[in-house]
Amino acid sequence: MITDLEEGFALFDDWEDRYRYLMDMGRELAPLAPEEMVEANRVSGCQSRVWLVARNEDGRVHLRAASDAAFVQGLLALLLRVLDGRRAEEILATDAGFLTRLGLGEHLSLSRRNGVMAVLARIQGAAKAAL
């Protein structure tokens, strides 16, 4: 999946096109139900409001997420494309460096990078709980 994303991002020459691509990915995410957008599902450490719902089923971690910011919604869609439906061991073995390979590291503010890392930590926590 990461290779597919790298190929997709390589099609765009500049950051603005990649930014729009991320925004489009975010629009494809299924919305969370209002009862899922509760404090227990909220990811702390994010500049925007972010909710993450994780469940373990048949040895795989299934993820759903939402944000009140369109760009962050795109980042969530990207993370879910890579990690949703994977086995816990696969999630824990995934190197966050793929974000840099996609060219995102240099274009994210420090607060956005911290937010992405907070979401990744929450996903890894769900994977550990699934083991």
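Helix α6, covering residues 110–130, has the length one would expect in this predicted model. With 21 residues at 1.5 Å a residue, α6 should span 30 Å, and its end C-alpha atoms do sit 30 Å apart. Part of α6 is tucked away: Gly 115, Val 116, Ala 118, Val 119, Leu 120, Ile 123 and Ala 127 are buried. The cover over these buried residues includes two strands, β1 (50–57) and β2, along with the helices α3 (70–83), α4 (88–93) and α5 (98–101).

Strand β2 runs over residues 60–67 and contains Ser 67. Ser 67 has a relative accessible area of just 14%, so it counts as buried. Its side chain reaches the backbone nitrogen of Ala 69 at 3.1 Å. Setting aside neighbours within four places in sequence, Ser 67 touches Ser 48, Arg 49, Val 50, Trp 51, Val 72, Gln 73 and Leu 76.

Arg 49 turns up again among the salt bridges, of which the structure holds eight. It pairs with Asp 68 at 3.4 Å, N to O. That bridge ties together distant parts of the chain, 19 residues apart: Arg 49 lies in the loop between α2 (15–27) and β1, and Asp 68 in the loop between β2 and α3. Both partners are partly exposed, Arg 49 at 40% relative accessibility and Asp 68 at 48%.

Another of the bridges joins Glu 57 to Arg 55 at 2.5 Å, N to O. Here too the residues are partly exposed, with Glu 57 at 38% and Arg 55 at 44%. Arg 42 and Glu 39 also pair up, their closest N and O atoms being 3.9 Å apart. Arg 42 is partly exposed at 30%, while Glu 39 is exposed at 60%.

Definitions and conventions. Residues are numbered from 1 along each chain as its sequence is written. This is a predicted model: local features need pLDDT of at least 70, side-chain atom pairs count only at pLDDT 80 or more; totals for chains, interfaces and linings use all residues. Side-chain values use heavy atoms; hydrogens and water are left out. Helices (H or I, at least four residues) and strands (E, at least two) are DSSP runs, numbered from the N terminus. Buried means under 20% relative accessible area, exposed over 50%, partly exposed in between (1.4 Å probe, protein chains only). A polar contact is a pair of N or O atoms within 3.5 Å; within protein, one must be able to donate a hydrogen and the other to accept it, and residues adjacent in sequence count only if both atoms are side-chain atoms. Contact means heavy atoms within 4.5 Å. The expected span of a helix is 1.5 Å times one less than its number of residues. A salt bridge is a side-chain nitrogen of Lys or Arg within 4 Å of a carboxyl oxygen of Asp or Glu.
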